[in-house]
Amino acid sequence: MRTPTLKFATLVVALGLAAAQASAATLRWAAQNDVLTLDPHSQNHSTTNALLQHAYEGLTRYDKSYQVEPALATKWTYISPTQVRFELRKGVKFHDGTPFTADDVVFSFGRIRQPNGTMHPFVAGITEVKKVDSHTVDFMLAAPNPILLRIVVDFRIMSKAWAEKNKATNLPDVKAKEETVATRSANGTGPYRITGWQPDQRVSLVQNKDWWDAKNASNVSELIYSPIKSDPTRVAALLSGDVDLLSDIPTQDVARLRSDPKLQVLEGNEVRTIFIGMDQGSEQIKGASVQGKNPFKDRRVREALSIAIDREAIKRATMRGLSVPAGIMVAPGVNGNTPDIDVAPKADPERAKKLLAEAGYPNGFEVPLACPNNRYVNDEEICLAVVSMWSKVGIKARLQAEQFSIYSPKLQAFEYPLFLYGWGVPTYDALYTMQALARTRTGGADGSGNYFRISDAKLDQIIDAAKVEGDVTKRNALLREGLLRMRDEVLFIPLHHQVRPWAMKKNVSTVHRSDDRPEGRFTTVK
């Protein structure tokens with residue numbers, strides 16, 4: 001009886017494998033901008049992070065409802081308020097077959113903190129990672145950190161052995177256009193292996209059959225990401241069937257795509273705020289008609305620039321209703337945002353002119369305005385609208401629009417005195433925005449995204465208190481106080497919170513993500 005039973009079992013397994021292979025599918029995903037690198041510790045850029053999350057993993061991750069769950073760590077225990085022990089998942093292998101151990105976590109912590117990178121917010125407040133044994137590490141904290149488990153979601157682990165073998169232990173200086181092997185190739189533990197990156201053409205990924213979480217693997221066996229800058233070309237690719245999923249839909253095409261019987265549109269707000277940034281620290285503005293002083297140091301000038309902008313008009317005419325006019329620097333869905341303080345200022349050109357005159361600029365002034373043209377929804381069109389609105393109060397902004405791959409290194413080199421930018425909040429907590437953008441830049445996570453040369457002692461005090469406050473009520477009060485100070489001092493000019501609909505074929509099923517990161521593990525193709 002044993003032989004027939006064995007044959008039957010073998011047949012069942014074979015049929016199961018055949019069925020799995022038959023259901024395997026390719027997902028072709030397109031958006032408007034390319035990744036900046038394949039190095040998980042180099043550039044804090046949403047599209048880059050969205051692709052790399054498929055190959056590299058953190059100790060924690062989000063489930064479908066943004067609750068923290070185990071990933072490369074299976075358990076964490078607070079030894080004390082400033083010492084957290086993570087028990088690491090055993091049996092995990094990197095894509096090259098090397099085992100994942102505590103040494104890789106310790107190495108990755110040292111690497112992500114190197115000054116050439118911009119991923120410091122994801123290890124904020126961690127002073128040291130100590131190896132306890134081969135699969136246990138202790139995170140030593142500068143102070144209690146109430147959102148530690150959310151912060152480290154994007155602290156991605158790299159193989160120490162692979163980095164050493166490929167001379168990629170140090171982060172490249174992107175501003176100087178340096179590269180390492182890790183810039184162009186990847187070796188993580190995640191559900192997909194990156195098999196190639198052709199800049200401005202495609203990123204190719206195949207399913208990792210040895211992934212530790214195989215029970216959550218989707219039937220997407222291959223994922224191809226294509227950056228398509230042109231709006232008409234991108235939409236045409238979806239309509240022709242060359243693309244299965246678009247996460248960047250031109251606002252003018254949303255209604256048409258929604259009505260197409262072959263397609264479906266998932267709508268949702270994104271936790272990203274689009275804003276104007278200003279150099280408030282330099283003594284003189286590069287390229288401006290004003291000589292010998294910096295007009296952006298004057299709060300009256302900053303307010304004038306803000307209230308000269310008609311956010312409702314941008315929503316109506318430029319965004320076709322797909323934006324939420326913003327009053328503060330974090331979007332709904334982020335802890336710290338409340339409707340009573342997120343009230344967009346009304347356009348008031350006459351008051352703007354009065355403020356400029358009071359500040360000593362009755363005839364306005366001329367200044368360059370930098371803008372990406374393939375990063376955010378209608379980014380260049382938004383800039384054009386702002387230029388027109390500012391011209392009515394005497395601000396003559398010379399628009400300089402560039403692809404984000406060119407724009408980003410210049411931004412990090414502080415080349416822009418006035419610019420359009422967008423900031424998402426992957427931790428879903430306002431401290432991430434406040435600490436990165438508004439804290440005085442001192443190294444590490446503090447001011448890591450502060451390309452505005454902002455230094456406000458009162459705000460620094462609020463942010464530093466929020467970092468360590470464990471009482472939820474007191475901490476939320478601090479977040480509110482900080483957001484209000486940023487708003488009332490007009491340290492930034494928030495325009496709107498981005499709305500991000502995705503369009504896809506009817507046979508694609510996925511979960512809309514408010515961080516604008518489609519995930520293969522949440523996607524199936526029928």
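Select K130 first: this residue stands opposite D138, which belongs to strand β7. The model on display is a predicted one.

**The sheet around this pair**

Next, select residues 136-141, the extent of β7, together with β6. These two strands pair in the antiparallel sense over 6 bridges. Widen the selection to the whole sheet, and an open arrangement of 4 strands is found, in the order β4-β5-β7-β6, with antiparallel pairing. Which strands form the edges? They are β4, at residues 73-80, and β6, at residues 126-133, each of which pairs on one side only. Viewed together, neighbouring strands of this sheet are turned by 25° against each other on average, direction ignored.

Now add residues 102-112, which make up helix α3. This helix packs on the sheet and touches β5 (83-88), β6 and β7. The direction of α3 makes about 165° with that of β6.

**The disulfide**

Move on to C371 and C383. How many disulfides does the structure hold? There is 1, formed by C371 and C383, with their sulfur atoms 2.3 Å apart. The torsion about the S-S bond of C371 and C383 is about 95°, so the disulfide is right-handed. To see what the pair joins, select residues 365-372 and then residues 379-391: C371 lies in the former, strand β15, and C383 in the latter, helix α12, so the disulfide ties together parts that are 12 residues apart in sequence. Are C371 and C383 buried or exposed? Both are buried.

**A residue in helix α14**

Select residues 431-438, helix α14, and find T433 within the helix. T433 has a relative accessible area of 0% and is therefore buried. Show its surroundings next: apart from neighbours within four places in sequence, T433 is in contact with M329, V330, W423, V425 and A438.

**A residue in strand β11**

The last stop is L245, located in strand β11, residues 245-246. The relative accessibility of L245 is 2%, so this residue counts as buried. Which residues is L245 in contact with, leaving aside its neighbours within four places in sequence? Select L27, R28, W29 and A30, then L238, and finally W502, A503, M504 and P518 to display these contacts of L245. For a distance across the model, select the C-alpha atoms of L245 and V377: they are separated by 16 Å, and the two residues are 132 residues apart along the chain.

Key:
Residues are numbered from 1 along each chain as its sequence is written. This is a predicted model: local features need pLDDT of at least 70, side-chain atom pairs count only at pLDDT 80 or more; totals for chains, interfaces and linings use all residues. Side-chain values use heavy atoms; hydrogens and water are left out. Two strands pair if DSSP finds at least two bridges between them. Axes are lines fitted to C-alpha atoms, for helices over the stretch in contact, and angles run from 0 to 180 degrees between N-to-C directions. Contact means heavy atoms within 4.5 Å. Buried means under 20% relative accessible area, exposed over 50%, partly exposed in between (1.4 Å probe, protein chains only). A disulfide is a pair of cysteine sulfur atoms within 2.5 Å.
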